[in-house]
Structures are given as C-alpha cells and as structure tokens.
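Please read this briefing with the structure open. It takes the ligand site first, then the domains and cores, then one group of strands.

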Amino acid sequence: MAANELLSGSEVGRCPHRVALERGGPQVRNEVEIDETYQRRIREAERVADGIRQSVTSNYPDAVTVSSYAETREALAAGAEIIMAPRLPDDTANKRRAHADVLVRTGRTESGFRYVPILIRNIEVTDAATTRRIRSGSLDALRPSDSTWIEGTTSRRSDTITRAGLSLCHTYRTLEALGFADSERVGGVIDRNGSLWWLELETENVAWNLSAYDEAFRERRAVLDAQQQWVEGSEFPTTPFWHRECDNCPFSNSCNEILKASEDISLVRFTKFSEQIILRESGITTWRQLALLDAGRAAAAYNSVLSASAPHETVEYLGKQFSQLPDLIFKARAMWRGGPLRRVTAEQMQCTTADVEVDVDMESYNDHTYLWGATVRTRTAIEGVTDGYYSFVEWGELTSEAESRIFAEFWTWFSGLQRDCESKGLTFAAYCFYEQAENGAMRRAVSLTPAITPPWNEVSNFLTSPKWVDLHNTAKECIQTEGPLGLKVLAPYAGFHWRDEAPGGEASMVWYETATASDDETALASRQRILEYNEDDCHATRYLRDWINTEAKLLPSRDEMPAAQ
Ligand code: SF4
C-alpha cells in the first residue's frame, strides 16, 4: 500500500484541507524558512525526549529498543515488557499508520500479549481542577496498574492535548486491529517534566475520546478518497478556512491569499469553526459583512427570548446564539480600518503618569530570570537620578542564589528610587507589560534564597499598589485591535520599532545560549543584543503609554459603523 494512502495519528486532528493538500492539490507549499528559534525548539524537544528515554531504559534494563517493523513484530510476539521506539505494522485494512514512543505490556490473553501506548511530548499536560482527577505514573512505574489518582488535577483543554489524545486513540485502534490492544482503553503522555499522565480514552466531553476520534478519522478518510477522485479529474474536496493551526502550516501563504481575496469570515481572529458555520448559514460570509452588523443589538440579543411570531433581524438571530459576536464585529471593524480603534471615550483613554516613571522588563531562560532591566524618565529633575537604562544581570552560572541576588540588586535600586521620590514629595510609578510574568519572576527570586532578597510582603505591597501599572491591562481596556494585543503588535501603532530585526522572547533564548557559552566576541555581541532588546522592550511600554495618553485618543471608536470612519 502506498504510504500516502495511510492516515497517521497526527493527521486525524489536523486541518482536512491540509490533509488533502499534502497528497497533492491546487496549492503550493510555502518557501521553507527554518529560523534559529524553530531549530532551538526542535533541539529542546529532542533533549527532553532523550533524557526521558535514558531514564526509562535505565529503570527498565530489559527494555527492548527496536529499529524496524520486523523487530517490533518480534518484540510484540515475544511479549517484551517495554518496547522503545516501536515501528508498528500498518493497519492496512483501515489504512492507518500509527506511532508510539513506548509500548508497555499490560497482560496476556490466549491470543497474545496486550500493550498500551505512551507518547513523549515536550508539553504541559495538566491543570488544576478541584472536582477532577487524573491518573499519574512515573518513569519507573510505566504500567497503568502502577499509577495513582491525583485529585484536583485534570488534563488541559488545549490543542496540544487534543492532538496527543487523538494520536493515542489512533495508536489504540491500530493495536486493536493488530490484536495487541489492552481492554483498558488508556494511553499515556510523558510531559516535559518527565511525569507520566494517563488519558482515559473514553472520557466524556473531550475532543480527543475514541468516539470523537472515530468521527474525525472517518471524515479524513473520506477527504482522502475524494482527493483521489480529484487526481482523476473531480473537484478538489476541501477549501481553506483560517484557524489557529494555519500560522504554522506549510500552505499558509496560499490559503491566506485565497481567503484574503474573498475577504473570508474566518480571517476574523479567533472565530470558532462552529461560529463560522452559523455566520455563513446566515449569509455572513465576509468580514466586511460582519463589520456592518449592529454590535449593540447583537449584545442585547444574547440570552434574550426571540419572538416566535414577530420577524427578527439576522443580527438578533446570530447574537442570540453566541456571546462573542459583538467582539467579532469590533475585530472586523479594526480589520476594515487597517489599524486599532478606541474601546472607550477619549477622556477614558488614560494611563497613570508620575514625576518619576520607570518601565520594567525582565529576561528569562527556561523560567530562570537572568536580567532585570528598567528605563527611568523623570518629568521633574531629581538630584542624583539620571534618565536612561539600568540593568541587573547574571551572565555566569544561573544558580538560585545568582537569580535571587540580581533581583535583590534590582530591588535595592528600585525601592531606593521610590523612597527618594517620597522624601522629596514627588510621585512615582512603574510599568510593565503583562504583570503575571514580572510578578511571578519576583516571587520566584524571593522564594529561592530569601536570606538575600527583600521580604515578599515588601515586594507584594508594591505590586498590589496603584504605582505598579500593567500596560497589557490598560491596552485591553482602551484599544481594540484585529485580535492580538501583545506589545510587539501595539508598540508600532505608538510609533516604536525595535532595533533588532527579529525581536522576541523565544529568540532571546537562543541569544542567551550564545551569550553564556563563552566570553569570546560572539558571546559579548550576543549579550549586547539581549541588553538592547531588553532596553527596547522598556522603551516600547513607554511609547505605548504616551500614545494612549495622547494620539490614541483621536482613534475612531469601535462603536462607529465602518462607513462613517
Ligand atoms: S493554512 Fe490553514 S486552512 Fe490552509 S491547509 Fe493549512 S491549516 Fe488548512
């Protein structure tokens, strides 16, 4: 059987249009651009997986590592306790090709041995949930029967878990077809921390259980059959629609072109597929049509009772069905304008100002903070205080003590500046973008080596005061965009541009690796690059707040109909 007739586990959760295009279609692939950030992500995933594989093989010295289909068949037939990197035979009857990183023997019946699949993924699997529980194992307790229930925890509702769950269902069904599946319908995921979590494949109300899988599998099989007919001259079976998967898809450029040309409704950021269907069925197929709906009537219609006899308008019918409709209308209006809109009145567009203003940003590597940076702007001259960029950094080994020490140095400077302002009767405010990140890093620095940091209540008193301003919150209250509200999107509206041509938190991880690998010129250049990037992030929040207090007040309101803009 030709390889492209087989459906893989990762394809079952994938966009059907992509599944079809991968076998040949009317669109071309993007030029492949593998940047250093992407390479690092791959390296990191491989490093995590290698470490996990080594732990498993040292905990299970009899584990069999196979390298071919024949060896896998042999190991399955012989009942090997643990099979590493199996190459499962194809389920040719159902045209499935499945993957597992580990197979664990769970028992034996008259007809042969039983196995459950485990995947190794560089992801987080669980979330807190008071009324839920999940089974957990470990790298030296790989059988489901060795697991324990963890109360108050559940699997995340995320795309990565849905993909992992569907892949496990796919492998389970393949093992079933081959006669090796366990009657207990579970599959394991070993996460980036080396914890093993068991997903019960018959869990209700999740997008990755066996019945959801069977449906998704059937749908994609039908797509592949229809794609074969396209080869023979029929119409191509699928069309694009923009969704989260598209950003990283090899067909994103051509799909985007097609959708832009038709002003497709799916281009409105984060419309759900189910919402798109409802909108299309009501004749709203383009984002311009969406932008022209009355957002106020849409909001009022949600949870209202529509009259059974009196006629009602499309916007009321739609608004009744999903609460997100006004938000989608406003995003479509921002698309129409090609820039941001005002969410509030011009008078309400406000960001705190002070005599002394400090913009703060930190840089981390794998959750360890190695740099605290801040820019100071004084609106009133203060003796001994100079405007500009200040940094507190550790380029050597990032021990817990080093992490706490640089924070303590930062805090000594920062709180000293505040006290100075207070003693002179001047006002003080500090700003960050997305306070969860900064607050979490401060909390961590204090907890690592409390003996050398300020006490947490001192830090916390400041963080909960009105002097600590989260620009992300301010922007969320004041600015309407097409969807994204990150600093890299907002600051350019305010006229700010980073010096680095590829600024980004993930890219800075690669720079940090270079910066700390040696003391040579390349490393020193990388350190400078990080410092400039951090300084620019601080400048970006300053530009953003200045803009909110001035020009952004002149933006059109999102409540205005596009024709009036
Ligand atoms: S870009 Fe989006 S719609 Fe197009 S094939 Fe990829 S995932 Fe599917």
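## Ligand site, cores and a strand group

Helix H2 (16-21) and helix H7 (252-261) each supply at least two residues of the shell around the ligand. The model is a predicted one. The chain is assigned three stretches as domains: domain 1 (3-216), domain 2 (262-338) and domain 3 (356-554).

**Ligand shell**

- H2 gives the most to the shell, with three residues.
- Early in the chain, the residues surrounding the ligand include Cys-15, His-17, Arg-18 and Leu-21.
- Further along, the ligand is also surrounded by Pro-240, Phe-241, Glu-245, Cys-246, Cys-249, Phe-251, Ser-252 and Cys-255.
- What is the make-up of this shell by class? Eight residues are nonpolar, two are polar and two are charged.

**Domains and nonpolar cores**

- Domain 1 and domain 2 have C-alpha centres 39 Å apart.
- The largest nonpolar core holds 75 residues. Within this core, Leu-290, Ile-329, Ala-332 and Leu-544 touch the most other members.
- Domain 2 (262-338) and domain 3 (356-554) each contribute at least three residues to this core.
- Which residues does Ala-332 touch, leaving out those up to four places away in sequence? The contacts of Ala-332 are Val-268, Trp-287, Leu-290 and Ala-291.
- A second core is separate and has 55 residues. Among them are Ala-98, Phe-113, Tyr-172 and Cys-255.
- Cys-255 therefore appears twice in this briefing: in the shell around the ligand and in the second core, where a residue has to be buried to count.

**Strand E10 and its partners**

- Is strand E10 (residues 196-200) largely enclosed or open? Four of its five residues are buried, so E10 is largely enclosed by the rest of the structure.
- Strand E7 (residues 126-137) runs antiparallel to E10, and three bridges join the two. Gly-137 has Leu-196 of E10 as its bridge partner.
- Strand E9 (residues 186-190) also pairs with E10 in the antiparallel sense, over five bridges. Here Val-189 is bridged to Trp-197 of E10.
- E9 and E10 form a hairpin, with five residues between them. In the turn, Gly-194 has a positive phi of about 80 degrees.
- In a regular strand, side chains alternate between the two faces of the sheet.

Conventions. Residues are numbered from 1 along each chain as its sequence is written. This is a predicted model: local features need pLDDT of at least 70, side-chain atom pairs count only at pLDDT 80 or more; totals for chains, interfaces and linings use all residues. A residue is near a molecule or strand if its C-beta atom, placed from the backbone, lies within 6 Å of it. Ala, Val, Leu, Ile, Met, Phe, Trp, Tyr, Cys and Pro count as nonpolar, Asp, Glu, Lys and Arg as charged, and the others, Gly among them, as polar. A nonpolar core is a set of buried Ala, Val, Leu, Ile, Met, Phe, Trp, Tyr and Cys residues joined through C-beta atoms within 7 Å. A residue is buried if 20 or more other C-beta atoms lie within 10 Å of its own, exposed if 12 or fewer, and partly exposed in between; C-beta atoms are placed from the backbone. Domain bounds come from an automatic or database domain assignment. Two residues are in contact if their C-beta atoms, placed from the backbone, lie within 7 Å. Two strands pair if DSSP finds at least two bridges between them.
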